[in-house]
Amino acid sequence: MRVPNSVVLPVGTHVDCCREGEVEEKRSNIMSKIAAMLAERKKNLAHFINNLEDSEEPEFYVDQWERLKEMESHMLTILDLVAVNCTDHHDIKRLEATILEHVKNEELFPEVVRVLPPVYRQVEAAIVDIAQSEEMAGHGMMDLQYLLSKLSQREYLASLDRELLQDILRYLHRIGLIVWYEEIKHLESTVFLQPTFLITMFKLLVRYRLVQQLESIS
C-alpha cells in the first residue's frame, strides 16, 4: 500500500482441504474483504487529511499532510485470486503461468521491457551450471568470493569483478533463481544457489498447526 502503483496477486492455498464448491465461496469472500479493506483505507486517509486541513494551525502539519496525500495517490491493483493445491504439481505450474502472464502485461507493468546486458545471462547460465554440478553440496550454499573465483575461471567471464557480480546477484535474487541476504551482516557473504533447500529447512521450523502440535505434547 505504500509502494506507488503496486500490483497484488492474491493466492489461496490448501484447496485440497476444501469441500466441493467451497473454493469459489472462499474466493468471493476474500476478494470482498480486500475490496472493503481498500475502501476503508481510502476513507481513513481522507479523514486524516481533512482533520489536518481543518486544524487551527495547518501549517505545522504540512509534512504529515504531504505524506498522507502521497499515500492517497498510490494506486493499488488487485488481481483475481488464484486458488491452488500446493501438493499438485500442475497447480503450481498453473500459478507460475498466471504470474508470468500478468508480469508480461505492459498495462500492469509499463516498464516490463528491459534489455539486460549479455553478461547477466552469461552469469545466470554459469550459476545454473555450477548449482547442478556434482561438486555442489546439497545445501547449495557458497561463499560469495569463492563463487566469483569459480565464475572468473570461465574465459568469457574472466573480467567479472565483485561489484558487477553483486549487481547481477541482486537481479537473480529478485527473479528467484538464487537467494542472497546482502542486508543481513552474517549472511552477506553467503549465496544460496539452491533456494529449494531453504524452503525445505523453513518447513521444518514453520509448520501448519505448529502451536497445536506443541501444546499436544505432555
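The dialogue below walks through several features of this predicted model, from its overall build to single residues.

Visitor: Where should I begin with the overall build, and how many helices and strands does the protein have?

Guide: The protein has eight helices and six strands, and from the N terminus on these elements run β-β-α-α-β-β-α-α-β-α-α-β-α-α. The radius of gyration is 23 Å, well over the 17 Å that the globule rule gives for 218 residues, so the protein is more spread out than a compact globule. Along its principal axes, the C-alpha trace spans about 65 × 50 × 45 Å, and 25% of the 218 residues count as buried.

Visitor: Into which domains is the protein divided, and what distance separates their centres?

Guide: The assignment gives domain 1, covering 7-104, and domain 2, covering 118-200. Taken over C-alpha atoms, the centres of domain 1 and domain 2 are separated by 33 Å.

Visitor: How does one look for empty space in a model, and which residues line the second largest pocket here?

Guide: The general idea is that rolling a probe the size of a water molecule over the atoms shows where empty space is left. In this structure the second largest pocket has a volume of about 490 Å³, and its lining consists of I92, K93, E96, I99, L100, G176, P195, T196, I199 and K203. By class, that lining has five nonpolar, two polar and three charged residues.

Visitor: Which element gives the most to this lining, and where does the pocket lie with respect to the domains?

Guide: Helix α3 gives the most, with five residues, while α3 (89-103) and α7 (195-205) each supply at least two residues of the lining. The second largest pocket lies between domain 1 and domain 2, because both of them give residues to its lining.

Visitor: Turning to charged side chains, what is the idea behind a salt bridge, and how many does a search of the whole structure find?

Guide: Side chains of opposite charge can pair when their charged atoms come close. A search of the whole structure finds 10 salt bridges, and among the linked residues are R19, E22 and K26, which belong to a network of salt bridges.

Visitor: Could we take a single pair within a helix, and ask where R121 and E124 lie?

Guide: R121 and E124 both lie in helix α4, residues 118-132, where they are three residues apart, about one turn of the helix. Their side chains meet in a salt bridge at 2.8 Å, N to O. The two partners are to be read separately for accessibility: R121 is partly exposed, with a relative accessible area of 49%, whereas E124 is buried, with a relative accessible area of 15%, which is under the 20% cut-off.

Visitor: What does R170 meet in helix α6, and at what distance?

Guide: The side chain of R170 meets that of D167 in a salt bridge at 2.7 Å, N to O. These residues are three apart in helix α6 (residues 162-174), so about one helical turn separates them. R170 counts as partly exposed at 29% relative accessibility, and D167 is partly exposed as well, with a relative accessible area of 33%.

Visitor: Which residue does R170 meet in the salt bridge of 2.8 Å?

Guide: The side chains of R170 and E182 meet in that salt bridge, at 2.8 Å, N to O. This pair links distant parts of the chain, with R170 in helix α6 and E182 in the loop between α6 and β6 (190-192), 12 residues apart. E182 is partly exposed, with a relative accessible area of 29%. The loop between α6 and β6 also holds Y181, a partly exposed residue with a relative accessible area of 22%. Y181 and F192 are 11 residues apart in sequence and 8.9 Å apart in space, C-alpha to C-alpha.

Visitor: Finally, how should I read backbone angles, and what is the phi of H14 near?

Guide: Most residues other than glycine have a negative phi, and most peptide bonds are trans. In this model the phi of H14 is near 60°, a positive value in a residue other than glycine. H14 lies in the loop between β2 (11-12) and α1 (22-53), and H14 is partly exposed, with a relative accessible area of 39%.

Definitions and conventions
Residues numbered from 1 in each chain as written. Predicted model: local features only at pLDDT ≥ 70, side-chain atom pairs only at ≥ 80, totals over all residues. Heavy atoms only, no water. Salt bridge = Lys/Arg side-chain N within 4 Å of Asp/Glu carboxyl O. Helix = DSSP H or I, 4+ residues; strand = E, 2+ residues; numbered from the N terminus. Buried < 20%, exposed > 50% of the residue type's maximum accessible area, 1.4 Å probe, protein only. Domains from an automatic or database assignment. 1 Å grid on protein atoms, 1.4 Å probe; cavity = no way out; pocket = protein on both sides within 12 Å on 5 of 7 lines; lining within 4 Å. Points joined across faces, edges and corners; volume = space filled by probe spheres on them. Nonpolar A, V, L, I, M, F, W, Y, C, P; charged D, E, K, R; others polar. Rg over C-alpha atoms; globule rule 2.2 N^0.38 Å.
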